[in-house]
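Student: I should like a close look at a single part of this model, followed by an account of the surroundings in which that part sits.

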Amino acid sequence: MKAKNLITRIGLCLGTAALLLPARADITVKGSDTMVILAQKWAEVYMANNPSIKIQVTGGGTGTGFAALQNQQTDLCNASRKIRAKEIETCIRAFGKRPTEYRVALDGLSVYVNAENPVSELTVEQLELIFTAKIRNWKELGGPDLPITVYSRENSSGTYEFFKEHVLQGKDFAASAQTMPGTAAVLQAVAKDPKGIGYGGAAYGAGAKHLNIKKDEASPAFEPTEENVVNGAYPISRHLFIYVNPALDKGDVANYLKWIRSDEGQAVVKDVGYFPLPANLRR
Amino acid sequence: MGIQRGHRARPLEWLAERVIFTISLSAIMLILLIFIFVGREALPIFLGRMDSALIQETIPPERMNELDPEELRVYLDLSPRQFAGMDRDTLQMLMEVRQEALEEIPPEQLNDPDAHANTTAWRYLLFPHQWSDYDRPRYIWQPIGNIHKYNIVPLIVGSLKTTLIGLFFAVPISVGAAIYVSQLARPRVREIAKPTIELLSGIPSVVVGFFALLVMASVFQAVFQYETRLNAFVAGIALGFAVIPVVFSIAEDALTSVPRSYTQGALALGSSKWQAAWHIVLPAALPGVFAAVVLGFGRAIGETMIVLMVCSASVMSWSIFDSARSITTTIAAEMAEAVAGGHHYRMLFMLGAVLFAVTFVANLVGDIVIHRLKRKLEGRS
Amino acid sequence: MNRPPNPAPPDSAKSFRSERFDFASFFFTGLTGFATLLIVAILAVILLNIVVQGWESLSWRFISTIPKDNFFDPASTGVLPMIVGTTGRVFVMTIFVLPVGVITAIYLTEYAPSTSPLTRFIRAAVNNLAGVPSIVFGLFGLGFFINFVGRNLDALLDSPGPTWGQPAILWASLTLAVMTLPVVIVATEESLRAIPPGLREASLALGATKLQTILRVVLPQALPGIMTGGILAVSRAAGEVAPILFTGVAYYMANLPSKLTDQFMDLGYHVYVLSTQSPNIEQTRPILYATVLVLLMLTFALNFTAILIRARMRKKLRALG
């Protein structure tokens, strides 16, 4: 009796599992965890205006998103970095085409120091020297005679990768850099440590001072404000991307992408704490 | 025996028995499957078939016509079936992408000898290497970037460092508690203390990690006055919390299974309770305590969330007040960003396979020791 | 052991001890007692810290709300999708792990010749499975369930897009089922062995077959033990995060999962996200504590149920024996 019950139950479960071939959402979006909340907000606003469309958003990381794009497991792939040649290659192998790239938002990276630190602006080159431990004392930067404590992110984060590529010119972070599990932890550490310096999203930032950054010694320093990031004056900013299989870039998907890059879609970007695209990149 | 005879007469009975037998093999099957499927993804690394060199030999797309099909197929690393299914344009595109990959490389790296190195080779994984930009050979795990530095030694050191701190903290306490609870405490105290301590194993490790990150890290820094707030020491002590219930219950079990007659004999000869516990019971149960430590080691080295939340820098340092990145942490933190099937992905699976092998051996040793001990004690009593 | 107490040795021992204060004994008992106390204190500090701080921000609204876009905002966030996700994955896991675990235990206690090498092998495998690190199960789930079973299912069923070959509740649950299999097997075995052999013999003597005996006599008796095993497995799985990292958990989902191939949000993973990814740690601290408290209440409630059932079962068995 009992066993029979159990067996029928298992059978039923497996049966339902097999029958539950999911009704696919009209548009599926997958990729970068940094962009999940943004993508979700877009989806919500868009679905409110176009009730007939269903959009499903999941995260998992930029790499996961590209893998899903290659395996045609998703319509759109959110990416917080540019696609690599290797990933284009796997896409071509899978569907014979290069994925189409859309820039959809801007993200600025701030450099934080302790509120008591008198240093208020640095050049990108100085940042490189600090984060690779070539400069080790605040004195060399016009600050007090204190050793610098460098706070960095764990090497799996997109922020880490971006900072390494664009500020450190691909060099490794100093071995003495302390690794924090999230931007919040970096901020918290810098807020408590007068010797500290760290980096993270510009949208973050209670408790520490955001430095103004100069491209080089000759140019003026810029604050990481929306205006400066959008017009490109602030030197440490990155684009956020959406990639799509060109064969799928039609109908609803194409409309959705167009809307994301419209003024209406870009207004959402600001709500979530990123920066909208400059006017010449919208369409 | 009567049942044996019944089998032929009752096919249903026979069938049920077969089914039960088959399903019960699942445990063995699962262990095998884990071996196979974790190993399968890691195999190219073990066999040295992966090439992570930044600069690969590249043939300009214009020269496509000069290549014969077989050469082209091997160059593009396609299987004959894939190759047959592709038209000329696709092949052309693949060749262009290869060229683009070469063009993406910053010019100063083109002459860098490291850019030609296959960093997944064993000598890069295990031995220090003097990378350009560095003044001396170093152990470096830096999988992100143009040149993928995959030295696994810092991760092994990180795992051992946190695990050993955890064991140094947890073992004396849990063995002491096990002696107290099993030998010295009054029955009432024992009945309360034992389940309470075992309740510690009911706290999910992510909660222990959270507690270590938010509370312990600050308290410890205030007490010990060290530089790095999140370091191997905090992680190790937090790991200890997870290890305590494991070591305690196995040690307590081993101590309790020493026959009462041992203690009674000692007491009758005029020794005190603690003398009986220390000189008679503990030595008899020593292999069991050893097994508890070994199994605790397996638990600690395999723990992920605690170390992931508390510290994650892959620093090559034995100092307990430096950060550390363990093997488990590396897998958990980096898998999401790794390209499926790429060298980073396979490297993480390789780490998983190593971890699996280490804990497998630890468990096996612990199991065998306990088994022997029990048999010995039962045989004598 | 049932010998009448002999008053002579304890007396002499007492007088021997009272003659001079036995410092070593005092020291040793004190030290080990202190170790015990220390462990209990650690447990108490952790629990008190969480309960006191978590209780303040725990509310019905918090438990029953699906967070919209920003789950770091204490005013509008909630944990309903995480509770649903955690409960769901654990429930699906139970459906898989209970039958397999119980049947394996039945084989080991009722059928297998206890000395055969095969039995020893199965036992060794079960023990070893219990010690495999949870992150390795995660890798296994990714390599086997998603990349092998899932992908092949997709190819076989010719599904329009990837349906099976991606992280999902189903795969996370199966991974957890593999992980908790030893827990169920060990608990069931224990309860099967506690059943007096006389019961089985009586049933067989009355002409019942072995299968009938197991189904009608042995299993009903062992039911509380099996349930304990199931609950222990559930409470272990509820708090695990590492195995589901690559097999099904989602950072954020706007809707509750509705089918087995959906991803899900999870309480434990959410604790990790809140404590490491928050833009403002001071602001998120209250909801973080509340989330931890919800997770703890869930696992402890399950643990307690298991302990209660086991205690009742023991009493019942003692009465029988």
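How many residues does helix 9 of chain B have, and what distance does it reach from its first C-alpha to its last?

Tutor: The model is a predicted one. Helix 9 of chain B, residues 187–199, has 13 residues. From its first C-alpha to its last it reaches 19 Å, close to the 18 Å expected at 1.5 Å a residue.

The burial of its residues comes next. Ala193(B), Lys194(B) and Ile197(B) are the buried residues of helix 9 of chain B. Because they cover an arc of only 100 degrees around the axis, they are on the same side of the helix. The general geometry of such elements is relevant here: an α-helix has 3.6 residues a turn, so residues three or four places apart point the same way. On the other side of helix 9 of chain B, the exposed residues are Arg188(B), Glu191(B), Ile192(B) and Pro195(B). A charged residue, Lys194(B), is thus listed among the buried residues, whereas the nonpolar Ile192(B) and Pro195(B) are listed as exposed.

The cover over the buried residues of helix 9 of chain B draws on two chains. From chain B it includes helix 8 (153–184) and helix 11 (232–256). From chain C it includes helix 2 (23–57).

This leads to the contact between the two chains. Chain B gives 71 residues to it, and chain C gives 72 residues. On the side of chain B that touches chain C, the largest share, eleven residues, comes from helix 3 (residues 26–46) of chain B. By class, that side of chain B comprises 49 nonpolar, 15 polar and seven charged residues.

The domain assignment places these elements in a wider frame. In chain B it gives domain 1 (6–46), domain 2 (56–104) and domain 3 (153–377). The residues of helix 9, 187–199, fall within the bounds of domain 3 of chain B. Between the C-alpha centres of domain 1 and domain 2 of chain B there are 44 Å.

Chain A may be described in similar terms. Its assignment gives domain 1 (11–107 + 239–281) and domain 2 (110–235), and the C-alpha centres of these domains lie 31 Å apart. Their contact takes twelve residues from domain 1 of chain A and nine residues from domain 2 of chain A. The side of domain 1 of chain A that touches domain 2 of chain A has five nonpolar, five polar and two charged residues. Chain A has ten helices and twelve strands, and 48% of its 283 residues count as buried.

Key. Residues are numbered from 1 along each chain as its sequence is written. Chains are lettered from A and ligands numbered from 1 in the order in which they are written. This is a predicted model: local features need pLDDT of at least 70, side-chain atom pairs count only at pLDDT 80 or more; totals for chains, interfaces and linings use all residues. Two residues are in contact if their C-beta atoms, placed from the backbone, lie within 7 Å. Helices (H or I, at least four residues) and strands (E, at least two) are DSSP runs, numbered from the N terminus. Domain bounds come from an automatic or database domain assignment. The expected span of a helix is 1.5 Å times one less than its number of residues. A residue is buried if 20 or more other C-beta atoms lie within 10 Å of its own, exposed if 12 or fewer, and partly exposed in between; C-beta atoms are placed from the backbone. The arc is that of the directions from the helix axis to the C-beta atoms.
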